[in-house]
Amino acid sequence: MNRRIAINTGGGDAPGLNAVIRAVALSALNRGWEVFGIRQGYEGLMENEPGGVIALDRDAVRGIGHLGGTILGTTNRGDPFRYPVLKNGERVPTDISGKLVERFKELGFEALVALGGDGSMSIAHRLMQRGLPRVIGVPKTIDNDLKGTNVTFGFATAVETTTEALDRLHSTAQAHRRVMVVEVMGRHAGWIALFAGVAGGADVILIPEIPYRLERICEKIEERYKRRRDFAIVVVSEGAKELGGEETYKMGKDAFKEHAVLGGIAERLARQIEASTGCEARSVVLGHLQRGGSPVSFDRLLAQRLGSAAVRYLAETEQSGMIGQVAGELTLIPFDQVTGGTRNVETRSDAVETARDVGICFGDEPVGTFLARIGAHGPPGQQT
Ligand code: F6P
């Protein structure tokens, strides 16, 4: 059967996007289908420029599986329901979803494989309600915070990059007897901070799910210095907040952007720690380093499993939805179960308990013992 499908990549990039594109293209081409890539989210469909939609034949996807970024480009300012349209010299948010669906059909596409996070899944779902024939979503984000799946591609690579950075920061922190406060991405979920913090031997991990008290962090640092372990690594998620406090933002949300940009908490904390403990402190923001570079093997494999599963669902069913990994198996999850919310770290999971057991401080006051905690709240979750 000759089928014609399209792929796009939306939101912030994540290592593994190219591996998914290649897997989708090869799995479809091997079934005799035609595959096209839409450039920069949905822009390639709308701007009517030559090259906005490109054929993904074998040559186009050759040798890209190990590369970071995306050969299609991406954007987190391309929501077709509030697309920046130039009117009287000014960009005005405009709903162009109807035109977009028309153009998609004009090009003869039967289905879209949409690679993205919660924003992209919600856009895909709404486009289907406007008449887009079928969409299979593939969960992408370094933040690992998408509902409906217990893993997203890009996360493992971000954890690896962050862990390597923590290893490097240990030696300079120790040499100078400093506190290094390391800010990592993750938006409103603490997955990167938790996993990399444990893997990289942090002394303090601050995540959005566990509001912290400055005094607890300072006590932990002072206790280390007293033991002549006179340096400390504090990993702070960009979305972490003090008990009763607010998140720290460096840039507000404008009319076209999906999210306001978090940032700045590490520098603020470094100054507070220095003032309160007298220990010299420095801040480091890892930022987009966590999104760049080649995917690690786990992400390359996951990306290919997700990409080929997307094509199998298109070939063998009439359904739409996002491919999620649940209990190790890939399955199709309805869009309304993956959008509108964040999958957060379960504060009683084994990863958090492991961190506490090895002496990592979350800046909180854990209630008694582990057994007391599960007695109070039921058994802890296993989240990985
Ligand atoms: O969602 C991925 C992510 O990298 C977040 O961790 C981070 O807060 C945000 O995107 C940064 O967005 P931008 O690319 O607009 O700076």
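Guide: A polar contact is a pair of N or O atoms within 3.5 Å. The model discussed here is predicted.

Visitor: What makes the pair formed by Gln290 and Gly287 a polar contact?

Guide: A polar atom of the Gln290 side chain lies 2.7 Å from the backbone oxygen of Gly287. The cut-off is 3.5 Å, and 2.7 Å is within it, so the pair is called a polar contact.

Visitor: Why is Gln290 called buried?

Guide: Buried means under 20% relative accessible area. Gln290 has a value of 0%, and therefore it is called buried. Gln290 is found in the loop between S13 and H10. Beyond its neighbours within four places in sequence, Gln290 is in contact with residues including Ala158 and Thr162, and these two also appear among the buried residues of helix H6.

Visitor: How do you know that the length of H6 agrees with what is expected of a helix?

Guide: Helix H6 covers residues 155-176, which are 22 in number. From first C-alpha to last, H6 reaches 31 Å, close to the expected 32 Å. The buried residues of H6 are covered by elements including strand S8, helix H7 and helix H10.

Visitor: Why is Thr70 also called buried?

Guide: Thr70 has a relative accessible area of 17%, which is under 20%, so the term applies. Thr70 is placed in the loop between helix H3 and strand S4.

Visitor: What makes the pairing of Thr70 with Thr9 a polar contact?

Guide: The two side chains approach to 3.3 Å. This value is within 3.5 Å, and therefore the pair is counted as a polar contact.

Terms used:
Residues are numbered from 1 along each chain as its sequence is written. This is a predicted model: local features need pLDDT of at least 70, side-chain atom pairs count only at pLDDT 80 or more; totals for chains, interfaces and linings use all residues. Side-chain values use heavy atoms; hydrogens and water are left out. Helices (H or I, at least four residues) and strands (E, at least two) are DSSP runs, numbered from the N terminus. The expected span of a helix is 1.5 Å times one less than its number of residues. Buried means under 20% relative accessible area, exposed over 50%, partly exposed in between (1.4 Å probe, protein chains only). Contact means heavy atoms within 4.5 Å. A polar contact is a pair of N or O atoms within 3.5 Å; within protein, one must be able to donate a hydrogen and the other to accept it, and residues adjacent in sequence count only if both atoms are side-chain atoms.
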